[in-house]
Amino acid sequence: MTERVRALRGASTSPNDAAEITAATRELLAEMLERNGASHEDLVSIVFTATPDLDAEFPAVAARDLGISDVPLLCAVEIGVTGSLPNCVRVLMHLYTERTPDRLEHVYLRSAEVLRSDLGRS
């Protein structure tokens with residue numbers, strides 16, 4: 001099987017506290033890599049979004065805490081849709097993998113489990 005660039009999704013929630021945002025995002029990133037048999041060397045880039053109510057820290061700090069400092073990281077604000085899940089960090093991770101899209105395990109932790117219960121386990 002040939003390695004291809006794939007996109008992996010994940011999300012988690014956190015109180016609006018710098019240490020909590022970093023811890024929740026670090027947990028999410030580690031779980032995304034572990035569940036998909038991926039490593040730092042497989043990464044191409046990571047895009048983070050946070051809901052407008054999470055402004056105490058950049059989620060990318062968690063990636064740097066995990067030693068992911070040579071991979072392009074981008075943070076953005078998620079669209080503030082009325083009624084959407086608050087206090088949410090979302091991740092779009094691009095990586096090289098031999099897994100086909102149907103074998104990727106997208107990761108949704110904490111209260112973010114409700115976002116895509118059809119994708120993978122929590």
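Contact means that heavy atoms lie within 4.5 Å. The legends below use that term throughout. This is a predicted model, in which local features need pLDDT of at least 70 and side-chain atom pairs count only at pLDDT 80 or more, while totals for chains, interfaces and linings use all residues. Residues are numbered from 1 along each chain as its sequence is written, and side-chain values use heavy atoms, with hydrogens and water left out.

**View 1. The whole protein has two helices and five strands.**
Helices (H or I, at least four residues) and strands (E, at least two) are DSSP runs, numbered from the N terminus. From that end, the elements run β-α-β-α-β-β-β. The radius of gyration is 14 Å, close to the 14 Å that the globule rule gives for 122 residues, so the protein is as compact as a globular protein of that length. That radius is taken over C-alpha atoms, and the globule rule is 2.2 Å times the number of residues to the power 0.38. The C-alpha atoms fill a box of roughly 40 × 30 × 20 Å along the principal axes. Of the 122 residues, 41% count as buried. Buried means under 20% relative accessible area, exposed means over 50%, and partly exposed lies in between (1.4 Å probe, protein chains only). Take the contacts between residues at least 6 apart in sequence: 83% of them join residues at least 24 apart.

**View 2. Five strands make an open, mixed sheet.**
In what order do the five strands lie? The order is S3-S2-S4-S1-S5. Strands S3 (73-77) and S5 (107-108) are the edges, and each pairs on one side only. Two strands pair if DSSP finds at least two bridges between them. S1 (residues 4-13) and S5 pair in the parallel sense over two bridges. Gly10 has Val107 in S5 as its bridge partner.

**View 3. Strand S2 is largely enclosed by the rest of the structure.**
Six of the eight residues of S2 are buried, so the rest of the structure largely encloses this strand. S2 and S4 run antiparallel, joined by seven bridges. Leu43 has Leu95 in S4 as its bridge partner. S2 and S3 run parallel, joined by five bridges. Val47 stands opposite Leu74 in S3. In a regular strand the side chains alternate between the two faces of the sheet.

**View 4. Helix H1 lies across four strands: S1, S2, S4 and S5.**
H1 covers residues 18-35, and S2 and S4 cover 43-50 and 88-97. H1 runs at about 30° to S4. Axes are lines fitted to C-alpha atoms, for helices over the stretch in contact, and angles run from 0 to 180 degrees between N-to-C directions.

**View 5. Thr22 and Glu20 both sit in helix H1.**
Is Thr22 buried or exposed? Thr22 counts as buried, because its relative accessibility is 8%. Its side chain reaches the backbone oxygen of Ala18 at 3.0 Å. Leaving aside neighbours within four places in sequence, Thr22 is in contact with Glu57, Val61, Ala62 and Asp65. Glu20 counts as partly exposed, at 35% relative accessibility. With neighbours within four places again left aside, Glu20 is in contact with Ser14 and Pro15. Glu20 and Ile46 are 26 residues apart in sequence and 20 Å apart in space, C-alpha to C-alpha.

**View 6. The largest nonpolar core holds 24 residues.**
A nonpolar core is a set of buried Ala, Val, Leu, Ile, Met, Phe, Trp, Tyr and Cys residues joined through side-chain atoms within 4.5 Å. Which residues touch the most other members? They are Leu29, Met32, Leu43, Ile46, Phe48, Val91 and Met93. H1, S2, helix H2 (60-65) and S4 each supply at least two residues of this core. H1 gives the most, with five residues. Not counting residues up to four places away in sequence, Ile46 touches nine residues' worth of neighbours listed here: Leu29, Ile68, Val71, Pro72, Leu73, Leu74, Val91, Leu92 and Met93. A second, separate core of five residues includes Ala11, Leu85, Cys88 and Ala112.

**View 7. Glu105 lies in the loop between S4 and S5.**
Glu105 counts as buried, at 18% relative accessibility. A polar contact of 3.4 Å joins the side chains of Glu105 and Arg35. A polar contact is a pair of N or O atoms within 3.5 Å; within protein, one must be able to donate a hydrogen and the other to accept it, and residues adjacent in sequence count only if both atoms are side-chain atoms.
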